[in-house]
Amino acid sequence: MRVREDKYSVLLPTYNERENLPLIVWLLVKYFNESGYNYEIIIIDDGSPDGTLEVAEQLQKIYGSNKILLRPREKKLGLGTAYIHGMKHASGNFVIIMDADLSHHPKFIPEFIEKQKEGDYDLVSGTRYRGNGGVYGWDLRRKLISRGANFLSQVLLRPGASDLTGSFRLYKKHVLESLVERCVSKGYVFQMEMIVRARQLNYTVGEVPISFVDRVYGESKLGGNEIVSFVKGLLTLFATT
Amino acid sequence: MTKLLQWLLGVSLVLTAWALVSFDLLELSLPPAYREMAWPMPLYLLVSFGCYSLATVGYRVATFNDCVDAAKELQVQIKEAKADLRKKGLKM
């Protein structure tokens, strides 16, 4: 009797991550090897001008093209389409999405996998707000905005998940495929919409506390524009789901 | 039903109940104590919710976990990774 083994496809959308990409790949390889789960890493580079793709090619030579897959695109086209594009040639039955800038640590992936097996969850979401989840490198203003926005989202959407804007998640592949098709928002709101629609479709959601280490906060400011578009997106979800 | 509609439904129900009691719309001749208590309820509820929100967000900000160890561990692993990758032939 042939037992179909679980395989985990990690989707890494990248833009100007020449420095971080080798490090995140090294960590992924380390934790997957240690835990023994079968995996592949799919790098979706959106035409980075800093040579990210070239580094990705070197990594492919080092780790093998069955472990590192390259699915580059010509220019920055957005996260939803990056997931769709990346999944087209994914051979895993599970998909892991995460940031490539080292804010998400691969050490949590075995925990995601175990959590998923525990309850056969359709998706497992990393949460910064529960258990011993948390952040590093955020000042008071950032924490206030984050908690305030999350509170507002909880009140309006009652989503049954504690971290709506997080992007460190494990999905069953068919679940991610069906959700990405339906989601139309951008940015932070996109990740929120994914969870809201998942609940609508009665998918089950598990949670694992994660630590989010922000090393680039100084450069990427959370300004008025981002806040306004977040609120607009939230209200749209409120009125349409 | 969208969340917006759920909210509108909930708010309409509460306001209807409030109006019925406060203005005695069904002419039930309720004791004045009921009417006196019901009258300021919407305002009380709003203010309570406001206070609850401030307290909750304040508490959550104050207890927001700072992952100092995670940051340190990451730094150590970055060094390890760079050394190992250089050995494997990566040109950085």
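These legends walk through several close-up views of a predicted model with chains A and B.

**View 1. Where chain B meets chain A.**
Here we look at the place where the two chains touch: 34 residues of chain B are in contact with 40 residues of chain A. Together the two chains bury about 3,400 Å² between them, and 68% of that is on carbon and sulfur atoms. On the chain B side, B:K3, B:F64 and B:L74 lose the most area to chain A, together making up 20% of what that side buries. Two of these names are worth keeping in mind while looking around: B:K3 and B:F64.

**View 2. What chain B brings to the contact.**
Across this interface there are 14 residue pairs in polar contact, both partners being at pLDDT 80 or more. Three helices of chain B each give two or more residues to the side that touches chain A: α1 (3–22), α3 (41–62) and α4 (68–88). The biggest giver is α4(B), with 14 residues. Sort the residues on this side of chain B by kind and you get 17 nonpolar, eight polar and nine charged.

**View 3. A salt bridge across the two chains.**
Chain B and chain A share two salt bridges, and this close-up shows the side chains of B:D66 and A:K143 meeting in a salt bridge, 3.1 Å from N to O. B:D66 sits in the loop between α3 and α4 of chain B while A:K143 sits in helix α5 of chain A, so this pair joins two chains. How do the partners compare in exposure, buried or partly exposed? B:D66 counts as partly exposed, at 43% relative accessibility, whereas A:K143 is buried, with a relative accessible area of 9%.

**View 4. An aromatic pair that also crosses over.**
A:W138 and B:F64 form an edge-to-face aromatic pair, 5.9 Å from centre to centre and with 90 degrees between the planes. A:W138 comes from the loop between β6 (134–136) and α5 (140–157) of chain A, and B:F64 from the loop between α3 and α4 of chain B, so this pair, too, joins two chains. Both A:W138 and B:F64 are buried. Widen the view a little and ring pairs link A:Y129, A:W138, A:F212 and B:F64 into a cluster.

**View 5. Stacked rings inside chain A.**
Over all chains, the structure holds 13 aromatic pairs. In the one shown here, the rings of A:Y8 and A:F94 have their centres 5.1 Å apart and their planes at 15 degrees, so the pair counts as stacked. A:Y8 lies in strand β1 (residues 7–14) of chain A and A:F94 in strand β4 (residues 94–97) of chain A, so the pair ties together parts that are 86 residues apart in sequence. A:Y8 is buried, with a relative accessible area of 0%, and A:F94 also counts as buried, at 6% relative accessibility.

**View 6. Two salt bridges within chain A.**
Side chains of opposite charge can pair when their charged atoms come close. The structure holds 13 salt bridges over all chains, and this view picks out a couple inside chain A. In one of them, A:R128 pairs with A:D163, the closest N and O atoms being 2.7 Å apart. A:R128 lies in the loop between β5 (123–127) and β6 of chain A and A:D163 in the loop between α5 and β7 (169–172) of chain A, so the pair ties together parts that are 35 residues apart in sequence. Both A:R128 and A:D163 are buried.

The other salt bridge stays within one helix: A:K30 and A:E34 both lie in α1 (residues 20–35) of chain A, four residues apart, which is about one turn of the helix. Their closest N and O atoms are 3.2 Å apart. A:K30 is partly exposed, with a relative accessible area of 22%, and A:E34 is exposed, at 55%.

**View 7. Two residues with a positive phi.**
Most residues other than glycine have a negative phi. A:N16 has a positive phi of about 55 degrees, although it is not a glycine. You'll find A:N16 in the loop between β1 and α1 of chain A, where A:N16 counts as partly exposed at 34% relative accessibility. A:L102 also has a positive phi, near 75 degrees. A:L102 is placed in the loop between β4 and α4 (109–119) of chain A, and A:L102 is buried, with a relative accessible area of 2%.

How values were computed. Residues are numbered from 1 along each chain as its sequence is written. Chains are lettered from A and ligands numbered from 1 in the order in which they are written. This is a predicted model: local features need pLDDT of at least 70, side-chain atom pairs count only at pLDDT 80 or more; totals for chains, interfaces and linings use all residues. Side-chain values use heavy atoms; hydrogens and water are left out. Contact means heavy atoms within 4.5 Å. Buried area is the accessible area (1.4 Å probe) that two parts lose on being put together, summed over both. A salt bridge is a side-chain nitrogen of Lys or Arg within 4 Å of a carboxyl oxygen of Asp or Glu. A polar contact is a pair of N or O atoms within 3.5 Å; within protein, one must be able to donate a hydrogen and the other to accept it, and residues adjacent in sequence count only if both atoms are side-chain atoms. Ala, Val, Leu, Ile, Met, Phe, Trp, Tyr, Cys and Pro count as nonpolar, Asp, Glu, Lys and Arg as charged, and the others, Gly among them, as polar. Rings of Phe, Tyr and Trp (its six-membered ring) pair if their centres lie within 6.5 Å; planes under 30 degrees apart count as stacked, over 60 as edge-to-face and the rest as tilted. Buried means under 20% relative accessible area, exposed over 50%, partly exposed in between (1.4 Å probe, protein chains only).
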